[in-house]
Every structure is written in structure tokens, then in C-alpha cells.
There are 2 protein chains.
Amino acid sequence: MYDIYFANFRKRVPLTYEEEALIKSYLSVKKVRKRQFLLQEYDVCRSVIFVEHGLLRSFSVDANGSEHIAQFAAEGWYISDLFSFLTEEPATFNIEALENSELVTISKLAHEELLEKCPKYEIFSRILLTDAYVALQQRMNANISKSLDERYATFVANYPDITQRIPQHMIASYMGTTPETLSRIRRRMASEK
Amino acid sequence: MYDIYFANFRKRVPLTYEEEALIKSYLSVKKVRKRQFLLQEYDVCRSVIFVEHGLLRSFSVDANGSEHIAQFAAEGWYISDLFSFLTEEPATFNIEALENSELVTISKLAHEELLEKCPKYEIFSRILLTDAYVALQQRMNANISKSLDERYATFVANYPDITQRIPQHMIASYMGTTPETLSRIRRRMASEK
DNA sequence: AAAAACTATTGATTTAAATCAATAAAATGA
DNA sequence: TCATTTTATTGATTTAAATCAATAGTTTTT
């Protein structure tokens with residue numbers, strides 16, 4: 001049930017069985033079906049979600065009602081509206097299952113207690129955030145400095161698995177462009193090589 | 001010399017004098033003049049920089065030779081090429097002083113030793129990263145979902161001070177647009193209200 | 001004080017991407 | 001199985017932004 005969760009944890013920070021048991025006692029498991037929402041905009045985000053199996057997305061909705069995908073999370077990834085989780089302000093993101101999924105969740109209270117009681121959990125959290133920050137910085141930089149073509153190629157190279165599992169228009173949304181434009185980019189790229 | 005550094009630290013995590021002294025023993029001070037480089041692309045980034053006074057920017061250079069500003073850092077902010085710092089791979093960013101500046105720097109070795117020896121430093125690092133991640137996530141989301149006009153208005157609202165201190169074309173670069181386009185956005189916004 | 005470099009604006013033109021619209025194929029559900 | 005919804009593609013047109021170019025006002029440097 002928590003296999004992937006702890007495999008992922010141990011990859012970064014080794015754990016004794018006692019520590020694993022302690023952490024496990026703070027976690028919950030949740031199964032959701034495709035299209036089910038884990039978080040709705042304007043609700044407070046009460047948990048950080050780890051994906052054991054399946055696929056989720058987080059997205060915002062703009063003034064015109066169009067959706068903008070902020071993040072995907074497949075096996076071994078975390079997802080949350082971190083701002084809402086930390087401040088307990090209403091969320092600006094929605095989180096939705098794109099496939100039937102098996103999740104491990106941790107509540108704010110559990111997270112805070114673990115940070116205090118378990119130094120390894122604190123270390124793990126810091127490393128996790130560091131990695132997430134670096135990845136986001138690279139995405140941000142690509143966004144202001146690279147063409148759509150390059151960014152699409154990078155996405156496919158970085159996430160071949162996700163590329164296969166989601167409809168194209170969601171990649172377009174993640175990249176901040178339209179489905180039509182992405183379709184034309186793909187045609188161009190296919191003919192050019 | 002370290003006033004702003006510790007004021008900023010204590011705002012998030014209270015410190016005893018012993019802890020402050022310990023941390024201080026790992027820090028260095030550096031003064032740089034306008035246009036001086038703290039990091040050049042392809043060098044390994046050996047430190048995380050805290051700005052006591054002054055203003056820095058980090059930027060990448062693309063295949064055409066144009067610069068793209070990733071980040072500004074004024075008093076009380078941190079700046080680094082975190083990927084390079086962590087992995088010791090060559091940096092993809094340059095860091096340059098936009099004003100004469102007074103900096104506090106911490107080396108990788110010092111950072112790692114402090115993380116081990118000083119739990120408060122570990123906590124502080126985690127909180128810092130969390131905040132930085134949330135801010136970057138908001139910037140990223142604005143980038144895929146808002147118009148240039150809105151993003152410029154947000155920048156000015158969020159960083160009125162930096163707006164005053166840097167040339168406009170650098171804000172354009174940070175936003176991923178051209179100086180001409182930003183100039184026209186400003187004209188439009190001025191006439192519309 | 002003069003020259004050089006930097007900065008911001010504006011106009012004309014080109015290019016890239018969004019929008020509007022239609023269609024067809026594929027997946028999903030009743 | 002048939003109807004509905006979702007997905008991807010393509011064409012025509014509009015819109016937004018980049019590019020090219022010129023100018024003028026500022027700063028900075030010598």
C-alpha cells in the first residue's frame with residue numbers, strides 16, 4: 001500500500017523500520033476514480049498528495065473559464081496547492097484524477113508533527129522541495145527563453161510516459177498554448193525530420 | 001555586517017546567540033561593484049548568496065546571444081544557481097551585480113555542515129525553499145494563464161522598489177518579452193486609465 | 001565638456017500564435 | 001450497438017508580439 005511511497009523516501013533518505021512505522025502512522029491511503037476531484041478551487045487544500053499509482057493534474061481556471069494545467073503527477077510524484085496548504089487560504093488550483101489512482105496523503109497537522117518528531121522527515125521534505133524548486137526553475141527559464149517547438153520537444157523527452165497517457169490538448173494547456181497550435185507544431189516537427 | 005541576514009533568519013526561525021554565532025562562523029561577506037559577476041555560466045556555482053544591500057540579477061544566454069533574466073535579488077533575498085550548487089555541474093545562469101552590493105555568502109561545504117550541526121538552519125532552509133517554491137509556482141502559473149499586460153501590472157505591484165531601480169528592458173527580459181512590446185504595454189495602460 | 005554608451009519610445013513590417021469554424025476519427029457510455 | 005462526447009487535425013482569418021529601423025533623451029565615461 002505504501003510501497004512506492006517508502007521506496008521513493010528511501011531513495012533520498014534511508015530509514016529504520018521504527019522510523020518507517022512512525023511515518024506510516026501519520027499517512028492515509030486514498031483511492032480515486034478517473035475524473036474525481038481531490039481539491040476544488042476556493043476550498044482550503046488540506047493535504048499533500050503522493051501518487052502510488054495513477055495520474056493526477058492540477059489546474060487553474062481563468063476569467064474566461066479556460067483551464068491552465070499547472071502540473072501533472074504520475075507514480076512517485078507529489079502534488080498539492082502548496083500555498084493554500086501552508087497558509088490555509090482558499091486554493092487557486094483544482095486537483096483532479098486523470099486515471100483511477102491510488103494515493104498516499106498527509107494532512108497539515110500530520111506533516112507538522114512529523115517535521116517536529118522525525119528529523120529524517122524534515123530532511124526528506126527539504127530535499128524534495130529543493131528538487132521541485134530546481135525543476136520548476138528550469139521549466140520557468142525554458143518558458144521565457146525557448147520557442148514552443150523546443151519546449152514541446154523537451155516535454156516529450158522528459159516525460160515520454162505522461163505524453164502517452166494524456167490527450168494532447170492537455171500538454172498544450174500545460175505549455176500555455178492552444179491545441180491547434182500544438183497540433184501544427186507536431187506536424188512541422190514530423191515533416192522536418 | 002550580518003544584520004539583515006539574521007533579521008531575515010529570525011523572522012522565520014528564532015535563534016539563541018550561540019546558534020547565531022555558530023552560523024555566523026560559516027558565513028562570508030563579500031562586497032561587489034556594479035556590473036561585477038558573482039557567477040559565470042559554465043563555472044560551477046559554489047555558493048548561495050544573500051543580499052544585505054544592493055541588487056543582483058541572474059540570467060541565461062540563449063543560442064542567439066540574447067539574455068533572459070531569471071531572477072532579481074534585492075535586500076533580504078537569496079540568489080544562486082541552485083541546480084549547479086547542488087550537483088556541481090556547470091551553471092546555466094550568470095549572476096551579476098546591478099548595483100554596488102554587500103552580500104553574505106555560504107559555500108556548499110558550510111551549507112552541508114550547518115544542515116547537520118544546526119537543526120534550526122535545516123528548518124530555516126526548508127521554510128526558505130518552501131516560500132521560494134510557492135512564489136515561483138505563482139509566477140509560472142501567471143506565465144501560462146495571464147496576458148502580458150496583467151503580468152506587468154503584477155510585477156509593478158509586487159516589486160515597486162525593483163521597478164524603480166532597474167531599466168525597463170530588464171523587466172521585459174524577466175517577463176520573456178521585448179523592450180518595444182513592454183513600452184507599448186505601458187503606453188496602453190497609461191492611456192486606458 | 002565632449003564622446004560614447006545606454007535607455008525608452010515610436011513607426012512600419014513581418015512573423016507567430018490565437019481564434020473561429022468545420023470535419024473526422026476515436027473513445028466512452030447508455 | 002448506437003449515440004454522445006472527446007480528441008486531433010486542418011483551413012481561413014484576426015490578433016498579438018517580434019523584428020527592423022530610426023530618433024531623442026539620459027547616463028556614464030574619458
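These legends describe close-up views of a predicted model in which protein chains A and B meet DNA strands C and D.

**View 1. Residues around DNA strand C.** Of the 17 residues around DNA strand C, those that come nearest are T177(A), T181(A), Q168(B), H169(B) and R184(B). By class, this surface has 8 charged, 7 polar and 2 nonpolar residues. Sugar or phosphate accounts for 65% of the strand C atoms within 4 Å of the protein, and bases for the rest.

**View 2. Polar side-chain atoms at DNA strand C.** T181(A) places a polar side-chain atom 2.6 Å from a phosphate oxygen of strand C. For Q168(B), the distance from a polar side-chain atom to a phosphate oxygen of strand C is 2.8 Å. Two or more residues of the surface near strand C come from each of α9 (179–192) of chain A, α8 (168–175) of chain B and α9 (179–192) of chain B. The largest share, 5 residues, belongs to α9(B).

**View 3. Residues around DNA strand D.** Here 17 residues surround DNA strand D, and Q168(A), H169(A), R184(A), T177(B) and T181(B) come nearest. Of the strand D atoms within 4 Å of the protein, 64% are in sugar or phosphate and the rest in bases. The largest share of the surface near strand D, 5 residues, is supplied by α9(A).

**View 4. R184 of both chains at the bases.** A polar side-chain atom of R184(A) is 2.5 Å from a base nitrogen of strand D. In R184(A), a side-chain N or O atom also lies 3.4 Å from a base oxygen of strand C. R184(B) has a polar side-chain atom 3.4 Å from a base oxygen of strand D.

Methods:
Residues numbered from 1 in each chain as written. Chains lettered and ligands numbered in written order. Predicted model: local features only at pLDDT ≥ 70, side-chain atom pairs only at ≥ 80, totals over all residues. Heavy atoms only, no water. Near = heavy atom within 4 Å. Polar contact = N/O pair within 3.5 Å; in protein donor to acceptor, adjacent residues only side chain to side chain. Helix = DSSP H or I, 4+ residues; strand = E, 2+ residues; numbered from the N terminus. Nonpolar A, V, L, I, M, F, W, Y, C, P; charged D, E, K, R; others polar.
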